[in-house]
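Q: Please take a close look at the nonpolar core of this chain. Set it in the context of the whole fold, then go through the parts around it.

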Amino acid sequence: MTTDLLAPFKLNNTIELKNRVLMAPLTRCMADDNLVPTQDMVDYYARRAQTGLIISEATIIRPDAQGYPNTPGLFTSEQIQGWRKVTDAVHASGGKMFAQLWHVGRVAHPHFFDGDVLAPSAIGVEGSVPRMRELTYITPKAVTIDDIKGLVADYAKAAENAIEAGFDGVEIHGANGYLIDQFLHYAANTRSDEYGQTPENMSRFALEVTDAVIAVVSNERTALRLTPGAYFNMSEDSRDKAVFDYLLPELEKRDLAYLHGGIFDDSTTFDALEGKTTSEFLRAGYKGTLVGVGSYSFEAAKEAINDDKFDLIAIGRPLIANPDYISKIENGEELVPYSDEMLAELK
């Protein structure tokens, strides 16, 4: 049977989406200097509420989570109130929205906060802060057990704040070389305690965060993004596959709202994943709802879903260029091509 991507999709007993097209999380650096969502963000998200679900841009859970300028937060009352304006506008336009919860780990920079840069191990990366290239990365501090407990608690608090701000749920950002992902890869995690060395130990932080968030907002309002194939601020290691081989069945037990693959998905394969793409690997190890992402056209995504590669599709750049993406697809209208210049524009 051919799947209609524009037909409603029941995510679980709590949430039904009006279609299978999600707005992918897209970092736009549009918050004010206090990391409070702006009116431009209200308008930007409300215009894209035709999608089945909007996943917010990555949103930091506490001050030392910041590694990019003007990325919004979810840890002050002003930030919560700012996000409430966004979610109210999205809901008024008939949409649903999840907050993506983010800590960048070793690619944070003390330019944005007072204190240490935190990571699983004291292993830095080369490079500099996007949009502020004069700021080069520094060697992080390896987190203590007490630090880890505090981080888990702050992910949970950010999830609680997200619900207060009117979000329909949260997506934990466990991908793309950021903090949770750093625990999951040998290139960033050389710990010798209960958070390192073995697949079970290296998965512990991700599962503790997931369980803490579920305890606050429920499993039906909790999602997670993963990148088992390392490619962004991370080096591949053949041992990484075993970590995700352990993690995925554990996540399946949690019955999450969905699992979301990483950025490059439609054709990029990884040696560490035995030549599989992200979606191929995740689908093999996780039987729950899976979100695919990548440079998919609508028709290519439809074909992939009909081939059971994933269940939902997250669209990124085409939605920057086409806020009315769903209407254009419904009416057979030509899409405006994306260009990098659009990143500087508020639409």
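A: Contacts across long stretches of sequence come first. Among the contacts in the chain with a separation of 6 or more, 71% join residues 24 or more positions apart. The model is a predicted one. Its chain holds 10 helices and 14 strands. The radius of gyration is 19 Å, and the globule rule gives 20 Å for 347 residues, so the chain is as compact as a globular protein of that length. Along the principal axes, the C-alpha trace spans about 55 × 45 × 40 Å. Buried residues make up 59% of the 347 in the chain.

Now the core itself. The largest nonpolar core has 97 residues. Within it, Tyr 45, Tyr 155, Phe 205 and Leu 251 touch the most other members. Helix α5, residues 199-217, gives the most to this core: 9 residues.

Phe 205 deserves its own look. Neighbours within four places in sequence are set aside here. What remains is a list of eight named partners: Ile 148, Leu 151, Val 152, Tyr 155, Leu 179, Ile 180, Phe 183 and Tyr 195 are all in contact with Phe 205. One of them, Tyr 155, is also named among the residues that touch the most other core members.

There is a second core, separate from the largest one, with 16 residues. Phe 9, Leu 11, Leu 17 and Val 291 are included in that second core.

Next, helix α7, residues 278-285. Its buried residues are Thr 278, Ser 279, Phe 281, Leu 282 and Arg 283. These buried residues pack against two strands given as β11 (222-226) and β12 (258-260), against helix α6 (240-254), and against β13 (290-293).

A charged side chain can be followed too. Lys 328 lies in helix α10, which covers residues 325-331. Its relative accessible area is 10%; the cut-off for buried is under 20%, so Lys 328 counts as buried. Leaving out residues up to four places away in sequence, Lys 328 touches Asn 322, Glu 333, Glu 334, Leu 335 and Val 336.

Last, the surface and the charges of the chain. The accessible surface comes to about 13500 Å². Carbon and sulfur atoms hold 46% of that area. The chain has 32 positive and 52 negative charges. The mean positions of the two sets are 2 Å apart.

Note on methods:
Residues numbered from 1 in each chain as written. Predicted model: local features only at pLDDT ≥ 70, side-chain atom pairs only at ≥ 80, totals over all residues. Heavy atoms only, no water. Core = buried A, V, L, I, M, F, W, Y, C linked by side-chain atoms within 4.5 Å. Buried < 20%, exposed > 50% of the residue type's maximum accessible area, 1.4 Å probe, protein only. Helix = DSSP H or I, 4+ residues; strand = E, 2+ residues; numbered from the N terminus. Contact = heavy atoms within 4.5 Å. Rg over C-alpha atoms; globule rule 2.2 N^0.38 Å. Areas by Shrake-Rupley, 256 points an atom, 1.4 Å probe, with all protein chains shown as cover. Lys, Arg positive; Asp, Glu negative; His and termini not counted. Charge placed at Lys NZ, Arg CZ, Asp CG, Glu CD.
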